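Here are my notes for going through the fold with you. Keep the structure open beside them and look up each residue as it comes along.

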Amino acid sequence: MKQFTPTPDDDAADARLGLGAQASGSQELVVRKPDLMVPIRSLGENHRDRIRAHLKALNDHDRYFRFGFTANDEQIDRYVDGLNFERDEIFGIYNRRLKLIAMAHLAYTGETRAGGSSEFGVSVLAQARCRGYGARLFERAVMHARNEGVHTMYVHVLSENAAMLKIARSAGATFVRDGPESEGHLNLPPATINSQLTEMVEEQLAQANYRIKVQAKQLLKRLGRFQAWWRPSGHGAHPD
Ligand SMILES: CC(C)(COP(=O)(O)OP(=O)(O)OC[C@H]1O[C@@H](n2cnc3c(N)ncnc32)[C@H](O)[C@@H]1OP(=O)(O)O)[C@@H](O)C(=O)NCCC(=O)NCCS
């Protein structure tokens, strides 16, 4: 049983909602009992700029691991501008300050989802690593792909990317190494009522969690303005 020790910092405290998981490593899809209920939500068009900021916050080494080359800011702009939120699925984890600390892109490779395949790419900001977010995003993408009727999920990884190889292998993916790159694939079982309900509930919880963070941020902003107004010097401007 894996334990996530509570830490006081914002990213961990905010994204974490619950407990409990189990590691495994067979050749088939491994459905792990979640030890960490992370609010992973589906991202739409209105999150494009936050996705851009998230990817640009990655250093050169991370960009190399994420894209297979050291993407510069212009290349990231082109990638983000080209994201198709209708065709593909983008997942994200926000912290309390509404900073996108982790995201994943599940791209469908064929004309139709059902019976087809998909490709997975992920990134977690350096300060939010090793808390299970990468693994949770992978599991969420697997569940979504399953529920869409996808048969195979692919993941292209640089062979030196130990963290990503571990995440995918732990979920049951097998890899074929081709020099500096490794291509992994995971055969997905058909959707079940359970997988569909689980995804629906997780999405609803994550959306609710996001709305609470938006409201909390607005409230704090408003409180700050009132505090400025009431401060003893009396120099603050009335907030409204
Ligand atoms: C790869 C990446 C997404 C992992 O994110 P993360 O949130 O830190 O990963 P997790 O916390 O879920 O860790 C998953 C497992 O990998 C292990 N791991 C994490 N970093 C590791 C490292 N540098 N070396 C070896 N293992 C590592 C963890 O211990 C964990 O194993 P466990 O389940 O046995 O405890 C993150 O490092 C990242 O964004 N890298 C840059 C972009 C990238 O490489 N993307 C992948 C290409 S698609």
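1. A quick term before we start: angles between N-to-C directions of over 145 degrees count as roughly antiparallel, while those under 35 degrees count as roughly parallel. Also keep in mind that this is a predicted model.

2. Let's use that term on a pair of helices. The axes of helix α2 (residues 48-56) and helix α4 (residues 73-81) cross at roughly 150° and come within 10 Å. That angle is over the cut-off of 145 degrees, so α2 and α4 are roughly antiparallel to each other. The crossing of α2 past α4 is right-handed. On the α2 side, the contact is made by Arg48, Ile51, Arg52, Leu55 and Lys56, and on the α4 side by Asp73, Ile76, Asp77 and Val80.

3. Now step back to the whole chain. The protein chain has seven helices and seven strands. Following the sequence, you meet them in the pattern α-β-α-α-α-β-β-β-α-β-α-β-β-α. Of the 240 residues in the protein chain, 28% are buried. Take the contacts with a separation of 6 or more: 60% of them join residues 24 or more positions apart.

4. Next, the sheet. What is the order of its seven strands? It goes β1-β2-β3-β4-β5-β7-β6, in an open sheet with mixed pairing. β1 (41-42) and β6 stand at the edges with a single partner strand each, so each has one side without a neighbour in the sheet. Helix α5 packs on this sheet, where it touches β2 (89-94), β3 (100-108), β4 (117-124), β5 and β7. The direction of α5 makes about 160° with that of β4.

5. Strand β7 (residues 181-187) deserves a longer look. As background, side chains in a regular strand alternate between the two faces of the sheet. Which residues of β7 point to the buried face? Ser182, Gly184 and Leu186 do, while Glu181, Glu183, His185 and Asn187 point to the other face and are not buried.

6. β7 has a partner on either side in the strand order. Strand β5 (residues 152-158) runs antiparallel to β7 and is joined to it by seven bridges. Strand β6 (residues 174-178) is antiparallel to β7 too, with five bridges. Find glycine 184 in β7: it is the bridge partner of valine 155, and also of phenylalanine 175. Elsewhere in β7, histidine 185 stands opposite threonine 174. β6 and β7 form a hairpin with two residues between the strands, and there glycine 179 takes a positive phi near 65°.

7. Back to helix α5 (residues 133-147), for a small sanity check. At 1.5 Å a residue, its 15 residues should span 21 Å, and the C-alpha atoms at its ends are indeed 21 Å apart, so the two values agree. Is α5 mostly covered or mostly open? It is mostly covered, with 14 of its 15 residues buried. Just after α5 comes glycine 149, which has a positive phi of about 90°.

8. Two loop residues have a positive phi without being glycines. Leucine 98, with a phi of about 60°, is in the loop between β2 and β3. It has 13 C-beta neighbours inside 10 Å, so leucine 98 counts as partly exposed. Cysteine 130 also has a positive phi of about 60°, and its place is in the loop between β4 and α5. Cysteine 130 has 9 other C-beta atoms within 10 Å and is therefore exposed.

9. Last stop: leucine 125, which is in the loop between β4 and α5 as well. Why does leucine 125 count as partly exposed? The reason is its 19 C-beta neighbours inside 10 Å, because a residue needs 20 or more to be buried. Leucine 125 lies 67 residues from leucine 58 in sequence, yet their C-alpha atoms are 6.7 Å apart in space. Setting aside neighbours within four places in sequence, leucine 125 is in contact with His54, Ala57, Ile101 and Ala102.

Terms used. Residues are numbered from 1 along each chain as its sequence is written. This is a predicted model: local features need pLDDT of at least 70, side-chain atom pairs count only at pLDDT 80 or more; totals for chains, interfaces and linings use all residues. A residue is buried if 20 or more other C-beta atoms lie within 10 Å of its own, exposed if 12 or fewer, and partly exposed in between; C-beta atoms are placed from the backbone. Helices (H or I, at least four residues) and strands (E, at least two) are DSSP runs, numbered from the N terminus. Two strands pair if DSSP finds at least two bridges between them. The expected span of a helix is 1.5 Å times one less than its number of residues. Axes are lines fitted to C-alpha atoms, for helices over the stretch in contact, and angles run from 0 to 180 degrees between N-to-C directions. Angles under 35 degrees count as roughly parallel, over 145 as roughly antiparallel, 65 to 115 as roughly perpendicular and the rest as oblique. A crossing is left-handed if the near helix is turned anticlockwise from the far one by less than a right angle, and right-handed if clockwise. Two residues are in contact if their C-beta atoms, placed from the backbone, lie within 7 Å.
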